[in-house]
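Got your viewer open? Let's take a walk through this structure, one selection at a time.

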Amino acid sequence: METKMEWSRTRRDLFLKCPRAWYLRYGHPTPPNGINDVQSNRRPWDLMLRAMKEILIERLEDLREQKQWSPLLLEHQLKYSLQKQIQQSSHPVKKRYFEALLRYANHRFALLWRCRFIRQLERRKYPCWYVLDRTSSVRIGTHRIYASPDLAVLIQNKWHFVRFDMQNGPKKVCDELEANAMVLWAKHQGGFPQSETSYRLHTIGWRRGFWHTETYQPTKESVKQCLQLLDSDCKAMLEIHRYADSNLALLPLASSKKSCDSCSFRTRCPGGEDLQLAHREQTLLELVHHSASSKT
């Protein structure tokens, strides 16, 4: 039976940084030692970002029901969510570091709530809008795609999809194509228009100390290119999955040491201490492997 691939922006980002880390997190058939690697190996900083996202969705859902949050309630909810995330992880966090993470979260959240889009929702400028479940997926061909927006807002007969990224990397050429995945999700979800021009896409992400908003107008061609990107990504992931079944030690390592510095699998990866040395050793191992294979 052929392995079915699941696609999301988070999975794609990790796959491009390090196929080995992607396999250990998402492609491994069973977590080593029965541990849930996806959650337990996350760094405290990543857990803070997850807590922020969780509370953002909760606050938006209350806003839709016209329930207002006080600054004290926001701080309490962020603290509770962060504590819960850390308790489920394998990283002990000292009290001073925990308090620093909480200050970061409160500061970023306060700035996010001043974004024009959220302020307009607070003023009830748009009566028809919904908070969506980012874990909602659609099947496109043989692939499972996770590309739901966080918000869907109807403005002048056009659906505006909004996605919040708690931590954005540098701008990439493929950002617009990745955003178009929200349209693919909507067209396969049901209840949304089939015409690409019926949508407007917004990504709001934290980058270099500010919340930046990028806006895209999808077209038939851009959505088609997005579908090609997703298909190409899933085929590459499937190839790595098959490669790992052959020999886990030969899985490609990260191309940048920066990826290793922030990787939760660093302590049990050949490239965790010296990436360049690990690349050289892996090259020799590949030569031995191919030599042995050719003789059989």
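## Start with a hidden hole

About 30 Å³ of space lies in the largest cavity. Keep in mind that you are looking at a predicted model. By the counting rule used here, there is 1 cavity of 30 Å³ or more.

To find the spot, select Lys257, Cys260, Asp261, Arg266, Gly271, Gly272, Glu273, Asp274 and Leu275, which line the largest cavity. Now colour helix α11, residues 257–261: this helix gives the largest share of that lining, with 3 residues. Colour the lining by class and you get 5 charged, 2 polar and 2 nonpolar residues.

How do people spot such places? Rolling a probe the size of a water molecule over the atoms shows where empty space is left.

## Next stop: a pocket

Move on to the second largest pocket, which holds about 170 Å³ of space. Select Leu63, Arg64, Gln66, Gln68, Leu121, Glu122, Arg124, Tyr126, Pro127 and Trp129 to light up its lining. Which helices each supply at least two residues here? They are α4 and α7 (116–122). By class, this lining divides into 5 nonpolar, 3 charged and 2 polar residues.

## The sheet of five strands

Leave Trp129 highlighted, and switch to cartoon view. Look for an open sheet of 5 strands, ordered β2-β5-β6-β7-β8, with mixed pairing. Select β2 (129–131) and β8 (210–216): these are the edges, and each has a single partner strand, so one side of each has no neighbour in the sheet. Ignoring direction, neighbouring strands in this sheet are turned by 20° against each other on average.

Zoom in on β2 and β5 (residues 151–155). These two strands run antiparallel and are joined by 3 bridges. Which residue of β5 is the bridge partner of Trp129? Click on Val153 and you have found the partner. So Trp129 turns up twice on this tour: in the pocket lining, and in a bridge to β5.

Now show the helices that go with this sheet. Select α4 (residues 44–64), which lies across β2, β5, β6 (158–165) and β8 and runs at about 145° to β2. Then pick α9 (residues 181–189): this helix packs on the sheet, touching β6 and β7 (199–207), and its direction makes about 135° with that of β7.

## The sheet of three strands

Keep α9 selected, since there is another sheet to see. An open sheet of 3 strands runs in the order β1-β4-β3, again with mixed pairing. Its edges are β1 (6–7) and β3 (138–140); each has a single partner strand, so one side of each is left without a neighbour in the sheet.

Select β1 together with β4 (residues 143–145): they pair in the parallel sense, over 2 bridges. Which residue in β4 stands opposite Trp7? Pick Ile145 to see it.

Back to α9. This helix lies across β1 and β3, running at about 100° to β3, and the helix also touches β6 and β7 of the five-stranded sheet.

## Zoom out

Finally, show the whole chain, with its 12 helices and 8 strands. Turn the model around: along its principal axes, the C-alpha trace spans about 70 × 50 × 30 Å. How does the chain fit the picture of a compact globule? For 296 residues, such a globule would have a radius of gyration near 19 Å, and the chain has 21 Å, so the two agree.

How values were computed. Residues numbered from 1 in each chain as written. Predicted model: local features only at pLDDT ≥ 70, side-chain atom pairs only at ≥ 80, totals over all residues. Heavy atoms only, no water. Pairing = 2+ DSSP bridges. Helix = DSSP H or I, 4+ residues; strand = E, 2+ residues; numbered from the N terminus. Axes fitted to C-alpha atoms, helices over the stretch in contact; angles between N-to-C directions. Contact = heavy atoms within 4.5 Å. 1 Å grid on protein atoms, 1.4 Å probe; cavity = no way out; pocket = protein on both sides within 12 Å on 5 of 7 lines; lining within 4 Å. Points joined across faces, edges and corners; volume = space filled by probe spheres on them. Nonpolar A, V, L, I, M, F, W, Y, C, P; charged D, E, K, R; others polar. Rg over C-alpha atoms; globule rule 2.2 N^0.38 Å.
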